[in-house]
Amino acid sequence: METEKTIISEHSNLAAKLLRNLENFVDEVGRRGCTTHFGDVLANGDRLEGVDLTQEPERFTEDHLIFPILRSLGHDYRARPTRYAPRWPDKRGTPDFALETLPVEVAKRNDIRLFGEVKAPNRLGDAHNDVREYLASDLDYHAVVFLTDGIEWELWTRPRGADGGHQTPVAKASLSSALETVLRRNKECETYVRHDVREDLDEVTFEGFLSDDVLEIVGEQFGVQCH
């Protein structure tokens, strides 16, 4: 991990990929006639409604925003994994995705789980509750967790055997301002300038979320050789 913050503007290739992710997502929002509704989600904290999207909000956000961003950050992932996943309390299913950035056999051999919990926009608090419950109940694994609603991103880590019930993020990132700017491309009365988004992204830090950063965290915190 870099000693200075990993600013998006310092990684022009990554910035370009993320900008395309946001534009593609906003274009899909527009195709579904939800530009005004999504504007309220960003500006007022409204809940994203599935009836407007004709799809469950969480799945829509995964498919069109979160999973593309994971790829841009350099991660391989498996959606809704049935193997190589934490054991959720009370048999309530599996995480929304498992990261395969660390080779699965290496992760299994070293009792590490890298996974993600997804919620619809403005429901990240629900992800906090779910992940804290898991981390407090299953202490047999080292854990690296992405929590996101597509707009806000958090990275949590928990060493094996440590109390995870009061876990707090070790890294955060927000795409709120950039999404508000990109949403202008769907509005006839507003001018969309891609450079404006780059200025928004200049303030976004993704330190800790990039694939190389995650591998370094695993090595530093859990003492695992990642290659």
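Two strands are counted as paired if DSSP finds at least two bridges between them. With that in mind, I would like to present the sheet of this predicted model.

Let me begin at one end of it. Strand 5 and strand 6 run antiparallel and are joined by four bridges, which means that they meet the criterion for a pair. Within this pair, Glu-152 stands opposite Ser-174 of strand 6.

Strand 6 also shows a clear division of its side chains. Ala-171 and Ala-173 are buried and point to one face, whereas Lys-172 and Ser-174 point to the other face and are not buried. In general, side chains of a regular strand alternate between the two faces of the sheet.

Turning to the sheet as a whole, it is open and consists of six strands in the order 1-2-3-4-5-6, with mixed pairing. Strand 1, residues 77–79, and strand 6, residues 171–174, are the edge strands; each has a single partner strand, so one side of each is left without a neighbour in the sheet. From one strand to the next, the twist averages 20°.

Further in, strand 3 (residues 112–118) pairs with strand 4 (residues 142–148) in the parallel sense, over seven bridges. There, Phe-115 has Val-145 in strand 4 as its bridge partner.

Finally, which helices accompany these strands? Helix 9, residues 211–222, packs on the sheet and touches strands 3, 4 and 5; its direction makes about 145° with that of strand 4. Helix 6, residues 124–137, lies across strand 3, strand 4 and strand 5, and runs at about 10° to strand 5.

How values were computed: Residues numbered from 1 in each chain as written. Predicted model: local features only at pLDDT ≥ 70, side-chain atom pairs only at ≥ 80, totals over all residues. Heavy atoms only, no water. Helix = DSSP H or I, 4+ residues; strand = E, 2+ residues; numbered from the N terminus. Axes fitted to C-alpha atoms, helices over the stretch in contact; angles between N-to-C directions. Contact = heavy atoms within 4.5 Å. Buried < 20%, exposed > 50% of the residue type's maximum accessible area, 1.4 Å probe, protein only.
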